[in-house]
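Colleague: Could you walk me through reading burial and nonpolar clustering in a model like this one?
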Amino acid sequence: YPVAKFETTVKPEEKIIAAFLNDSVRVIVMPRLLNKQEEKYYKQRGIKINSVRFAIDGIALITNKDNIDSTITVKEVIDVLQGRNSDKKLVFDNAYSSTFQYFKNLANISQFPAKNVYSKNSSNEVIKLVAQDKNFIGILGVNWISDQNTEMAQYLAQVKMLGVKNEKGKVGSDQFYKPTQENLINGVYPFLRNVNIIECEGRDGLGTGFATWLRSQRGQLIVLKSGLGPHKLMPREINLTKESNK
């Protein structure tokens with residue numbers, strides 16, 4: 001359907017879920033699935049929930065390029081989140097974002113400590129702060145620091161990604177990994193999450209069609225170009241022909 005058009009809305013997770021349950025939006029993209037309480041709302045109405053993964057997102061940790069440190073461990077991050085003494089300061093993109101919730105779950109806490117954890121209003125604000133202040137470690141989706149973010153090019157030139165090492169016994173605990181596409185696809189980068197498209201139209205409509213397209217070869221190539229990890233690497237067929245010397 002080449003003439004199909006979408007109206008897109010960008011909101012933090014908590015606000016986009018509310019809009020979805022109120023039928024203000026028909027399709028949402030989130031790094032988690034609906035929980036049981038949210039599913040119950042649709043099941044009571046006899047509406048089928050369609051959820052599919054189409055990409056893998058990495059949560060990048062960035063610091064000022066002039067900082068000596070270029071690595072951090074998951075344990076060090078958790079220590080800051082749980083309020084243990086630390087000289088590190090973490091700054092998030094938004095207090096209502098899915099990234100904020102991800103790290104709450106990681107640290108097994110209901111709220112963040114009163115010191116050393118901060119939030120801004122957007123990922124671009126995080127990038128700008130880290131580029132100008134060496135005291136902060138920014139936390140944001142990896143696609144925000146890709147070459148596609150031309151708006152922030154001058155600030156991105158002033159930051160670098162930290163390599164992250166997982167806790168002992170877990171995947172990614174053997175060395176420090178950066179959120180490259182290869183590490184996302186292989187699952188060795190510690191801070192990764194699935195990106196899902198969820199629709200509850202109750203029929204095969206524009207939402208289901210878009211979900212199918214996102215997992216097609218073309219859709220997955222666009223995911224790859226965005227800096228995310230694709231759900232599935234599509235095979236590329238190359239036909240070689242022998243040219244005549246005549």
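Modeller: Happily! Let's start at Leu 233, which lies in the segment after strand E10 (229–230). Keep in mind that this is a predicted model.

Colleague: Is Leu 233 buried or exposed?

Modeller: The cut-off for exposed is over 50% relative accessible area. Leu 233 counts as exposed because its relative accessibility is 53%.

Colleague: Which residues form a nonpolar patch on the surface with Leu 233?

Modeller: Its partners are Ile 185, Leu 221 and Leu 224, and together the patch has about 320 Å² of accessible area.

Colleague: And how do I read the opposite case, say Ser 123?

Modeller: Buried means under 20% relative accessible area. Ser 123 has 5%, so this residue is buried. Ser 123 is found in helix H5, which covers residues 123–132. Leaving out residues up to four places away in sequence, Ser 123 touches Asp 93, Leu 140 and Trp 144.

Colleague: What about the nonpolar side chains in the interior?

Modeller: In soluble globular proteins, nonpolar side chains tend to be buried together. Here, the largest nonpolar core has 50 residues, and the members touching the most others are Leu 61, Leu 81, Phe 92, Phe 103 and Phe 191. Strand E2 (residues 50–64) supplies the largest share of this core, seven residues.

Colleague: Which residues does Leu 81 touch, not counting residues up to four places away in sequence?

Modeller: Leu 81 touches Leu 90, Phe 92, Phe 103, Ala 107, Ile 109, Phe 112, Pro 113 and Val 117. There is also a second, separate core of 10 residues, including Ile 17, Phe 20, Ile 47 and Ile 198.

Notes: Residues numbered from 1 in each chain as written. Predicted model: local features only at pLDDT ≥ 70, side-chain atom pairs only at ≥ 80, totals over all residues. Heavy atoms only, no water. Helix = DSSP H or I, 4+ residues; strand = E, 2+ residues; numbered from the N terminus. Buried < 20%, exposed > 50% of the residue type's maximum accessible area, 1.4 Å probe, protein only. Contact = heavy atoms within 4.5 Å. Core = buried A, V, L, I, M, F, W, Y, C linked by side-chain atoms within 4.5 Å. Patch = residues over 30% accessible without salt bridge, like charges linked within 9 Å, V, L, I, M, F, W, Y side chains within 5 Å. Areas by Shrake-Rupley, 256 points an atom, 1.4 Å probe, with all protein chains shown as cover. Salt bridge = Lys/Arg side-chain N within 4 Å of Asp/Glu carboxyl O.
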